[in-house]
Amino acid sequence: MRKLSLFLALVFSFALVSCNARERTQEETGPLTSAYQVVNVTNGSTISGTVKTSQPITAASVIVQKDQDVCGTSHPNPGAPIGTSGISGAIVYLERLASGKPFNQNAEALLRQKGCEFIPHVQIIHRGQKVILSNEDGALHNANFQLLGLTELNVAQPNGAPPREIELTKDGLYTVKCDVHSWMRGFVMVVDHPYYTITDKDGAYSLTDIPPGTYTLKMWRDNWQLDEPKDNQGHVTTYNWGSDFQKQQPVTVAAGAAQTVDFVIP
């Protein structure tokens with residue numbers, strides 16, 4: 001009965017949030033980028049490099065105090081990089097391209113709620129691409145999609161609910177949170193051009209078939225440093241990660257040329 005009441009309360013609050021989200025103006029949520037034109041790129045350029053850190057990587061596990069029968073008593077830090085020689089999971093991209101190569105024809109994207117985390121932790125989709133959201137755990141989850149700190153979509157999925165198809169209609173970096181298990185978070189970057197990529201386990205990236213020109217190359221990565229303040233009984237009250245890492249630099253590429261750009265984050 002308690003779980004049913006919680007679920008109904010969440011559904012009611014999500015409905016209110018969704019209504020409010022639809023009423024927000026473009027000024028509040030940020031403007032959409034201009035329309036991208038697909039052109040034939042001949043003798044395109046390449047930008048590649050790595051994202052690394054100047055400090056040893058330490059990512060403490062998350063203390064779990066809810067649904068321990070499903071989530072365990074501790075959980076891997078969702079922001080922890082994979083591997084040891086670079087920073088995986090960073091998004092590297094070119095800002096504001098008017099034209100260039102076509103998107104890869106990808107199937108529907110997946111966002112799984114499994115093991116009390118969002119999988120994948122970071123992904124890139126293009127505007128209009130459908131996302132299949134699923135709950136594979138024996139507990140109630142919800143996926144609260146926030147853009148610029150405002151909720152755009154909030155979907156509750158109790159244990160046993162079927163997968164659901166959703167669409168994120170605005171460009172930008174969405175933070176996905178579970179309000180039931182507040183350490184759960186993921187990121188979905190919705191883009192209007194294909195010059196975005198995610199670093200691999202060694203922190204390496206590559207952008208190819210770039211039209212010659214001068215661009216702003218940007219890097220984003222969520223922080224893995226975690227603070228877990230506790231109340232007088234020693235219970236964790238919230239989960240606070242450090243500020244996201246963001247860097248950028250101008251880069252000029254000539255036809256058929258290759259550039260190397262490395263990022264180092266603190």
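Hi everyone. Before we start, one definition: two strands pair if DSSP finds at least two bridges between them. Keep that in mind, and remember that what we have here is a predicted model.

Let's begin with a pairing that meets that rule. Strand 7, residues 109-114, and strand 8 are joined by three bridges, and these two strands run antiparallel. If you want a place to look, find K114: its bridge partner in strand 8 is E117.

Now zoom out a little. Strands 7 and 8 belong to an open sheet of four strands, in the order 8-7-10-13, and the pairing in this sheet is mixed. Which strands sit at the edges? They are strand 8, at 117-119, and strand 13, at 164-167, and each of them pairs on one side only. From one strand to the next, the twist averages 25 degrees.

There is another open sheet to show you. This one has four strands in the order 16-5-18-21, and its pairing is antiparallel. Strand 16, at 196-198, and strand 21 are the edge strands; each has a single partner strand, so one side of each has no neighbour in the sheet. Here the twist averages 20 degrees from strand to strand. Look at strands 18 and 21 in particular, since nine bridges hold that antiparallel pair. Among the residues involved is Y215, whose bridge partner in strand 21 is V251.

Let's move on to the cysteines. How many disulfides does the model have? The count is one. The partners are C71 and C116, with their sulfur atoms 2.0 Å apart. The angle about the S-S bond is -70 degrees, making this link left-handed. C71 is in helix 3, residues 68-71, while C116 is in the loop between strand 7 and strand 8, so the pair ties together parts that lie 45 residues apart in sequence. So our opening strands come back here, through the loop that holds C116. Are these two cysteines buried or exposed? Both C71 and C116 are buried.

And what about C178? That cysteine is in no disulfide: the nearest cysteine sulfur belongs to C116 and is 8.1 Å away. C178 is buried because its relative accessible area is 1%, and buried means under 20%.

Next, the aromatic rings. The model has five aromatic pairs, and I'll show you two of them. One is Y36 with F103, an edge-to-face pair with 6.3 Å from centre to centre and 65 degrees between the planes. These two are 67 residues apart: Y36 is in the loop between helix 2 (26-29) and strand 1 (37-38), and F103 is in the loop between strand 6 (99-100) and strand 7. Y36 is buried, at 13% relative accessible area, whereas F103 counts as partly exposed, at 24%.

The other pair is W224 with F245, which is tilted, with centres 5.3 Å apart and 50 degrees between the planes. W224 lies in the loop between strand 18 (213-221) and strand 19 (226-227), F245 is in strand 21, residues 245-253, and 21 residues separate them. Both W224 and F245 are buried.

Finally, a word on confidence. The protein chain has a mean pLDDT of 88, and 87% of its residues reach 70 or more. Over residues 11-33, though, the pLDDT is below 50; this stretch has 29 contacts in the model beyond near neighbours in sequence. Where pLDDT is low, the predicted coordinates should not be read in detail.

That's the tour. Thanks for listening!

Methods: Residues are numbered from 1 along each chain as its sequence is written. This is a predicted model: local features need pLDDT of at least 70, side-chain atom pairs count only at pLDDT 80 or more; totals for chains, interfaces and linings use all residues. Side-chain values use heavy atoms; hydrogens and water are left out. Axes are lines fitted to C-alpha atoms, for helices over the stretch in contact, and angles run from 0 to 180 degrees between N-to-C directions. Rings of Phe, Tyr and Trp (its six-membered ring) pair if their centres lie within 6.5 Å; planes under 30 degrees apart count as stacked, over 60 as edge-to-face and the rest as tilted. Buried means under 20% relative accessible area, exposed over 50%, partly exposed in between (1.4 Å probe, protein chains only). A disulfide is a pair of cysteine sulfur atoms within 2.5 Å. pLDDT is the predictor's confidence in each residue, from 0 to 100. Contact means heavy atoms within 4.5 Å.
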